[in-house]
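Morning, everyone. I have one structure to walk through today, so please have the sequence and the model open.

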Amino acid sequence: MALFSLLVAILVERMKLLPSGWQFDSVMTRYQKQFWDSQSLKSPFGVVIAIVLPALLVLLISFLLDGIFFDLLSLLFWVLISIICFSHQTLRIVFKQYIQAACRGDVQACYCYASELDSTEHLDVVDEQDLGRKVGQMVAWINYRYYGAVALYLIFLGPVGAILYCTVRFYSEYNSKNKLEMPLVDRLQMIFDWLPSRVFSFGYVLSGQFSEGLSAWRQYGLSVNTEAKTIVTHTAVAAESLPEAGDAPLSVQSTLALLALSKRNFVLLLTMVSVLTIFGFVS
């Protein structure tokens, strides 16, 4: 079910078939406004309940659907959760606008769109080439956090794991954007990212320049306290060399190189899931 769900979710996400109101961040925004306020999220108990409740609901539905119609309903539920968790059209639109601005030479617009890609990241660059390198790192990080990590949790923990990770990610970003100082959120995000970031970043090693990527991965990945973002971005940059300049603007050369690496890494992940499915390690 994991492989089929992933393939369908990727297809739906690429074809932009899911309405924006059904995408994960939109659903969680309504959930947040309906059931919680800033005051209730200042206590550890409130934070834990807010994060765990969506996963518990998914667990309950999965239990109720188990075994019905030869597990067909369970499969459909897996697919639905995968589609919701993988659809992030806002990010795709902003990235497309960044590329378009770079192609028409609008450097100021490039800076604006780059800032929108990751609002938690302070964009401190000195020139167009540095901007392209920074956005390339953002692409590697976004590819991990919104696709790679979600896929890993879906593969090994099912819809419950995917929803739980996405909920922690949502509240981590919600906490940063609104400066709420919510307890436990940053700690939970670090815990949930610790192993997947190391697994996924090793995929960059296998998908790119092996020796340079492995050197960076060993430096950061084997350190217990290294942040997930540092591992992912530094390994990705080390594993990929810039292509020949060609006609691409300076502000997108490094970005496109790291985007290509991220795509190869995700294809590698799907290939590994296929192999594990064939041998019965993944359902």
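Let me start with a question: is Y31 buried or exposed? Y31 counts as buried, because its relative accessibility is 12%, and the cut-off for buried is under 20%. Before going on, one caution: this is a predicted model. Back to Y31. The residue sits in helix α2, which covers residues 24-35. Now look along the chain from Y31 to L261. These two are 230 residues apart in sequence. Their C-alpha atoms are separated by 35 Å.

Here is a second pair for scale. L188 and L214 are 26 residues apart along the chain, and their C-alpha atoms are separated by 27 Å. L188 is in helix α8. L188 counts as partly exposed, since its relative accessibility is 23%.

Next, helix packing. Two packed helices are described by the angle between their axes and the distance between the axes. I have two pairs, and α7 is in each of them.

Take α5 and α7. Helix α5 spans residues 89-103. The axes of α5 and α7 come within 13 Å. They cross at roughly 165 degrees. Angles over 145 count as roughly antiparallel, so α5 and α7 are roughly antiparallel to each other. The crossing of this pair is left-handed.

Now α4 and α7. Helix α4 is residues 72-86. The angle here is about 140 degrees, and the axes are 10 Å apart. What do we call that arrangement of α4 and α7? The two helices are oblique to each other. The crossing of α4 and α7 is right-handed.

On to charges. How many salt bridges does the structure hold? Six. I will take several in turn.

Stay with α7 for one of them. D130 forms a salt bridge with R133. The closest N and O atoms are 3.3 Å apart. Both residues lie in helix α7, residues 128-178. They are three residues apart, about one turn of the helix. What about cover? D130 is buried, because its relative accessible area is 19%. R133 is partly exposed, because its value is 33%.

Another bridge joins E240 and R264. The closest N and O atoms of that pair are 2.7 Å apart. This pair links distant parts of the chain, with the two positions 24 residues apart in numbering. Where does each partner sit? E240 is in the loop between α10 (228-239) and α11 (250-278), and R264 is in helix α11. E240 counts as buried, because its relative accessibility is 19%. R264 is partly exposed, because its relative accessible area is 37%.

There is a network as well. E13, R14 and R92 are joined into one by salt bridges that share partners.

One more bridge. D106 pairs with R104, and the closest N and O atoms are 3.8 Å apart. D106 is partly exposed, because its relative accessible area is 29%.

Now the surface. Please find F45 in helix α3, residues 44-65. F45 counts as exposed, because its relative accessibility is 65%, and the cut-off for exposed is over 50%. F45 is also part of a nonpolar surface patch. Which residues make that patch, and what is its area? The members are F45, V48, I49, V52, L53, L56, L59 and L184. Together they make about 670 Å².

Last, the backbone. Two lysines deserve a look. K16 has a positive phi of about 55 degrees although it is not a glycine. K16 is placed in the loop between α1 (2-15) and α2. K179 also has a positive phi, about 50 degrees, and is not a glycine either. Where is K179 found? In the loop between α7 and α8, with α8 running over 185-207. K179 counts as exposed, because its relative accessibility is 73%.

To recap. Helix α7 is roughly antiparallel to α5 and oblique to α4. The model holds six salt bridges, including the E240 and R264 pair that links distant parts of the chain. F45 belongs to the nonpolar patch of about 670 Å². And Y31, where we began, is buried at 12% relative accessibility. Thank you.

Key: Residues numbered from 1 in each chain as written. Predicted model: local features only at pLDDT ≥ 70, side-chain atom pairs only at ≥ 80, totals over all residues. Heavy atoms only, no water. Patch = residues over 30% accessible without salt bridge, like charges linked within 9 Å, V, L, I, M, F, W, Y side chains within 5 Å. Areas by Shrake-Rupley, 256 points an atom, 1.4 Å probe, with all protein chains shown as cover. Salt bridge = Lys/Arg side-chain N within 4 Å of Asp/Glu carboxyl O. Helix = DSSP H or I, 4+ residues; strand = E, 2+ residues; numbered from the N terminus. Buried < 20%, exposed > 50% of the residue type's maximum accessible area, 1.4 Å probe, protein only. Axes fitted to C-alpha atoms, helices over the stretch in contact; angles between N-to-C directions. Parallel < 35°, antiparallel > 145°, perpendicular 65-115°, else oblique. Left-handed = near helix turned anticlockwise from the far one by under 90°.
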